[in-house]
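Tutor: Pick one part you'd like to see up close, and I'll walk you through it.

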Amino acid sequence: MAPALATELETDCLTLNQVGVGCDVTIRVLSGPGCERLRDLGLCEQLQVRKLSGGRNLICSVCGTRLAISRDLAAQVWVEPVA
Amino acid sequence: MDTQSLIAAGIVLVTLVIFALRLARRKPARGCGHDCGCGKK
Amino acid sequence: MHALPPTPSTIALIGNPNAGKTTLFNALTGANQKVGNYSGVTVELTSGETFTPHGKKLRVLDLPGCYSLRAPSPDEQVAVDALHGHLPGYPKPDLVVCVVDASNLERHLQLALQVIELQLPTVIALNMVDMAEKSGLRLDPAKLAEELGVPVVPLQASTGKGVIELKQALRFPFPTAPAALWATGDGDLEAARRAFIRQLCELAARRPDAHQLTRSDQLDAWLLHPVFGGVAFLAIMFTVFWGIFSFAKIPMGWIEGAQGAVADWLRALLAAGDLRSLLVDGVLGGVGGVLVFLPQIVLLFLFIGLLESSGYMARAAYLMDGVMARAGLSGKAFLPLFSSYACAIPGVMATRTIGSAKERLVTIFIAPWMSCSARLPVYFLIIPLLLHESEGSWKQALVLFAIYTLGTLSAFAVARVLRRRLGPDPAAHHFMLELPPYRLPQWGYILRHVLERAWSFVAKAGTLILGLSILLWALSTYPKCDGDATAALAASAMGRIGRVIEPVVKPLGFDGRVGTAILTSFAAREVFNSSLAVLFRVDKTADKKATRNSLRERLAAARWPDGRPLFTPLSMLSLLVFYIYALQCLPTTAVVAKEAGSWPWALGQFAFMSGFAYLAALVIFQGGRLLGF
């Protein structure tokens, strides 16, 4: 793992898959082959996200928009719960 | 041949000619044929 | 000496999918391009013209929706190429109007900044301001313009508000290409861009609460529920079929009545003879046999328009993703396949939104098995023969639903096999989809589109089908011979073709006449009805009383030479199955060749589908006979 990623993940980080439904989280890091495409879609670091539903394809709310992404993509999004 | 048969045969011939002309002109086939009825221009 | 008129400047409309580019394009050019509430509607470039308030003519290009200019999918690549002037036939744009959704600036500005980095004159169209303000967003367009260094015009394209101001911003000379204020020499450009957007939104687009639960969310709690959502989906689809069947009955009766009245008038006007036969049996019967299904066509497109504009289509794609995965496809393939239910040609073109080249190829291959609207006249002719409406129109709707389901499931099965044979993708592609908010149907817009499709249908009937009906009449009349109607038909060209074809189609349960009708329907599926009308016409000598027998009644009475009924339930099933699978549309094959990039692929598709149709009908008929039906 790149050193930058490792330090980011020192804190209590989960992937978007692992957080519960209805949780408000902030995106800390995107890492993986699909992350460029995720950023294009609008899921960037430091954005607030609410997970609306889980499963095979997740639905999350970002900046007022509802986005559906696959489980594989969600596994590349590391988030931190909003205090 | 009576008048009716003559006119009918005439209509058929005209139709054939129109079709032949359209087929000849359709050689440069574009993506969507205009008469496919799907409404997309 | 007159100065040559200057070539009009070109402006390009770019933006995220769903930002409202096409609505703006329609508002600017007065065009009527298709707008749907899901991404992937515009997959090719459309061009139109508009005039500035100063009377200057401008060429406007509507580009497909784009999330980013980097590593795009095939439809996004069109947009990128257009911006760089790499599209043959289109010059590099002189100005770019970047359409952004005011409620989504954090996401949409990404593309805007990339466009500004290209150093083209840029104007930002801040669209859907009404919706943004209603949701509590506080916008400051002046501040945005100041920070970005480009003009920002707030508008609501769907009502036309702000369009005049946009045109004024397009005054000549165009504002000079801006410098990208965030692109400081060192550091990661992407990160700098994102940081800039974040600051900008803090300043000029304050959002009250990031995640209010909207009415759309409440609807989605049900419609996207893993169990209830699927049930709702099937229920909606079935209701659409049932609606098409039941609501069409009354208008159909009117059309049939009118057809009968004209036939009576012609019979009174003209003595028995060739011209009367041509007009009554050929033209009226042939064209009428297709036109009578106009109500069904109107209803089909009305329902499709309602589903598309409400925003439900994106939900359907989400729900179907799991099912499609088993076919080796993704939810992205759902929208092109759904479009194919109307007509495979726009459906095949819509596959440009699919990132994976292999998945795209497979989707293109199976698209014709989504029963297109051209098959409706055939289905609606045969189904009432199979099941009289006194048995319940919901049963007829069920048969239609079963037909569509059979086509769809077979398509998925073939897709699965084909996908596996093509092998895995070099790069992984993941499902991601934007779910736009639900919208009330925009009736004016939907009705205009339904009318457009209805007109297309009528125009096709009045031109291609008219011509083919005349030729079919000629084939069934010449060469002439003396004798009664049956002998005359047998001696005609059509009769001869029928005799040749009969051995080929008899194993499927069809006689020479039906076989000939099938052959002619390769020119256009609807012509099947016209051919049957010509081939099964009423005896000329029995015209004493007004024989208003509809085509359906004549078919029900049709017999084999030995007296057996021709259209038995089994043979009708076999016929329906044939039409589900047969690919009988040359324009589709041409588009497939273009989109797939190879004629062998398109011809292979034609050969496969024709062979499959024959075999399937054979299996149904012979299998049914073996089972004792």
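Student: Before the close-up, over which residues of chain B does pLDDT stay under 50, and how many contacts beyond four places in sequence does the model have there? Then please zoom in on the open sheet: which strands form it, and in what order?

Tutor: Your first stretch is residues 29-41 of chain B, where pLDDT (the predictor's confidence in each residue, from 0 to 100) stays under 50. The model has 29 contacts beyond four places in sequence for that stretch, a contact being two residues whose C-beta atoms, placed from the backbone, lie within 7 Å. This is a predicted model, where local features need pLDDT of at least 70 and side-chain atom pairs count only at 80 or more, while totals for chains, interfaces and linings use all residues. Residues are numbered from 1 along each chain as its sequence is written, and chains are lettered from A and ligands numbered from 1 in the order written.

Chain B as a whole has a mean pLDDT of 72, with 59% of its residues at 70 or more. Chain C averages 85, and 93% of its residues score at least 70. Chain C has a stretch with pLDDT below 50 as well, residues 540-548. For the complex, the predictor gives an ipTM of 0.86 and a pTM of 0.81.

Now for your sheet. Helices (DSSP H or I, at least four residues) and strands (E, at least two) are numbered from the N terminus. Chain A has 3 helices and 6 strands, following the pattern α-β-β-α-β-β-β-α-β along the sequence. The open sheet has 7 strands, ordered β1(A)-β6(A)-β2(A)-β3(A)-β4(A)-β5(A)-β9(C), with antiparallel pairing; strands pair if DSSP finds at least two bridges between them. Its edges are β1 (14-15) of chain A and β9 of chain C, each pairing on one side only.

Let's walk across, starting at the β1(A) edge. Two strands, β1(A) and β6(A) (residues 77-81), run antiparallel and are joined by 2 bridges, and A:Leu14 has A:Val79 as its bridge partner. On to β2(A), residues 24-30: 5 bridges join this strand to β6(A), antiparallel too. There, A:Ile27 is bridged to A:Val79. Further along, β3(A) and β4(A) share 4 bridges in the antiparallel sense, and A:Lys51 stands opposite A:Cys60 in β4(A).

Next the sheet crosses into chain C. β5(A) is joined by 4 bridges to β9(C), residues 432-435, and the two run antiparallel; A:Ala68 is partnered with C:Leu433. Helix α12 of chain C (residues 312-326) packs on the sheet, touching β4 and β5 of chain A together with β9 of chain C. The direction of α12(C) makes about 145° with that of β9(C) (axes are lines fitted to C-alpha atoms, for helices over the stretch in contact, with angles from 0 to 180 degrees between N-to-C directions).

Step back to the contact between these chains: 28 residues come from chain A and 26 from chain C. On chain A's side, α2 (35-41), β3 (48-53), β4 (57-62), β5 (65-70) and α3 (71-74) each supply at least two residues. β5(A) gives the most, with 6 residues. That side of chain A divides into 10 nonpolar, 11 polar and 7 charged residues (Ala, Val, Leu, Ile, Met, Phe, Trp, Tyr, Cys and Pro count as nonpolar, Asp, Glu, Lys and Arg as charged, and the others, Gly among them, as polar).
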